[in-house]
Amino acid sequence: MSRQAQPATDETEDFDGQYGEENAPGIEKARPIPRISIQAFCDDNHTAEILQYAAEDRRLSKAHVSVHMGGIAAAVAHYVDSPTPNLIIVDSSLRGSQLLAELDNLAESCDPGTRVVVIGRHNDVLLYRELLKRGVSEYLVTPIEPLQLMESISNLYNNPDTDPVGHVFAFIGAKGGVGSSTICHNVAWTLSEVLKSNVTIADLDLAFGTTGLDFNQDPVQGIAEALAAPERLDDQLLDRLLTKCSEHLSIFAAPVVLDRDYDISADSCDMVIDVVRQNVPYVAVDLPHSWSPWTKRVLLQADEVIITAAPDLANLRNAKNVVDLLKTARKNDRKPHLVLNMVGVPKRQEITLKEFEQALDLKAISVIDYDSESFSQAANNGQMIEEMNSKAKATEKFREIAMAMTHRRDTKTEKKQAQSALSPLAPLLEKLKFKR
Ligand SMILES: Nc1ncnc2c1ncn2[C@@H]1O[C@H](COP(=O)(O)OP(=O)(O)OP(=O)(O)O)[C@@H](O)[C@H]1O
Ligand SMILES: [Mg+2]
């Protein structure tokens, strides 16, 4: 709890921008905050002004900050049908059990990975302990100052004892040409649109990568420059090497020229991905279908691995090899995610989903039909499938993969289901289901 030494006070001096850096506490401690999304819900105008002031500071320039009024109740209502951001800040004048009850309501809508900071009025150690027990990351007591707030956020995301901010998702095909890159790009785009969180696609298929083409971009510089001198890569250089495709999506594009030699080392890959993950919450690594020490390292180091396979024997064998390798080398990690793609090609003999899942001892998170019309049209337009046709069947699949790999609920579908379960007709509908 910050400001423990000071008694609680309700004094609300008018905010007039008096929080100059020179005099403010926390100046040395507030480090730049990575590209996370922060949503604040305030009870009190003064706190909202301070949050807004902090949001305009250079340290928060990479983060997406929005400040709303209405306190915890407004937050609860908002997240009924919206996904939660990386950080929620709630400002509340409630006391003890009332505050805890409202926070419990909020917790019901919080997706995994979302952190909560509470700004309260009461300097109460017992309340502070209760809040920590419930998973609240920090409790600040008003009056707060912008730098103090930034220091608290910065401690949450820059603390060397806590995990780095970004999650790395490695996408690999069980065979060449099975759609791994297409899925990586569409899923990354969906993630950035649905969660409104920043996502970077790192295209490690240096000679033949399609990220630039798929997003209709032709960057002059990209990931090859970073890999050539990874020790020089810092936040500023990264900003220059990334190409922004939409508000929340940027690509670290492959050069796709053949007159260069690409001597990538596993260490340089590690260093580059580490810098990216310190700057964005989600990094989607598009791996080429080739096997080398660095592809292996990226797979073994990733937070989540997504293996795309087509339903044939060679894909099954290769997918099994990758799954077995990961199982042996990552004993304390979750299993990789399997996506079966290009299913249902007319007249093709295919291995069934059940056979695939049994052989790999892994349930597929998604099965995508072969759909030459949507996939070829989107690829040729340099668009994502949902941008081209939001009704295409694959769009739901990309959403399904995005939610599964981030271990989130599909807020829209689940919350709709929850609402219909609460409907007065729900018991009747259940009975009808049974009768059928
Ligand atoms: N479900 C699908 N139905 C029809 N075409 C698809 C499907 N999925 C991917 N494709 C198409 O297959 C082709 C290969 O896709 P992509 O480049 O994503 O594969 P990859 O596994 O990344 O290949 P590489 O081994 O070259 O990296 C692309 O033209 C893409 O549009
Ligand atoms: Mg590819």
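Which element provides the largest share of the shell around ligand 1? In this predicted model, that share belongs to helix 14, which supplies 4 residues. Two or more residues are likewise given to the shell by helix 6 (180-195) and strand 12 (337-343), alongside helix 14 (372-381) itself. The shell around ligand 1 comprises 21 residues, of which Gly 173, Gly 179, Ser 181, Thr 182 and Phe 375 come nearest. By class, the surroundings of ligand 1 consist of 12 polar, 7 nonpolar and 2 charged residues.

The protein as a whole contains 18 helices and 13 strands. Of its 436 residues, 42% count as buried. Among contacts with a separation of 6 or more, 79% join residues that are 24 or more positions apart.

Five of the strands were examined as a sheet. In the order 2-1-3-4-5, these 5 strands form an open sheet with parallel pairing. The edges are occupied by strand 2 (64-69) and strand 5 (138-141); each has a single partner strand, so one side of each is left without a neighbour in the sheet. From one strand to the next, the twist averages 15°. Within the sheet, strand 3 (residues 87-91) and strand 4 (residues 115-120) pair in the parallel sense over 5 bridges. In this region, Val 90 has Val 118 of strand 4 as its bridge partner. Helix 1 (residues 45-55) packs on the sheet and touches strand 1 (37-42), strand 2, strand 3 and strand 4. The direction of helix 1 makes about 170° with that of strand 2.

Helix 6, one of the elements that contribute to the shell around ligand 1, also packs against helix 16. The axes of helix 6 and helix 16 (residues 393-405) come within 9 Å and cross at roughly 75°. As crossing angles of 65 to 115 degrees count as roughly perpendicular, helix 6 and helix 16 are therefore roughly perpendicular to each other. On the side of helix 6, the contact is made by Ile 183, Asn 186, Val 187, Thr 190, Leu 191 and Val 194. Helix 16 contributes Phe 398, Arg 399, Ile 401 and Ala 402 to this contact. Classified by residue type, the contact of helix 6 with helix 16 has 7 nonpolar, 2 polar and 1 charged residues.

Technical notes
Residues are numbered from 1 along each chain as its sequence is written. Chains are lettered from A and ligands numbered from 1 in the order in which they are written. This is a predicted model: local features need pLDDT of at least 70, side-chain atom pairs count only at pLDDT 80 or more; totals for chains, interfaces and linings use all residues. Two strands pair if DSSP finds at least two bridges between them. Axes are lines fitted to C-alpha atoms, for helices over the stretch in contact, and angles run from 0 to 180 degrees between N-to-C directions. Two residues are in contact if their C-beta atoms, placed from the backbone, lie within 7 Å. A residue is buried if 20 or more other C-beta atoms lie within 10 Å of its own, exposed if 12 or fewer, and partly exposed in between; C-beta atoms are placed from the backbone. A residue is near a molecule or strand if its C-beta atom, placed from the backbone, lies within 6 Å of it. Ala, Val, Leu, Ile, Met, Phe, Trp, Tyr, Cys and Pro count as nonpolar, Asp, Glu, Lys and Arg as charged, and the others, Gly among them, as polar. Angles under 35 degrees count as roughly parallel, over 145 as roughly antiparallel, 65 to 115 as roughly perpendicular and the rest as oblique.
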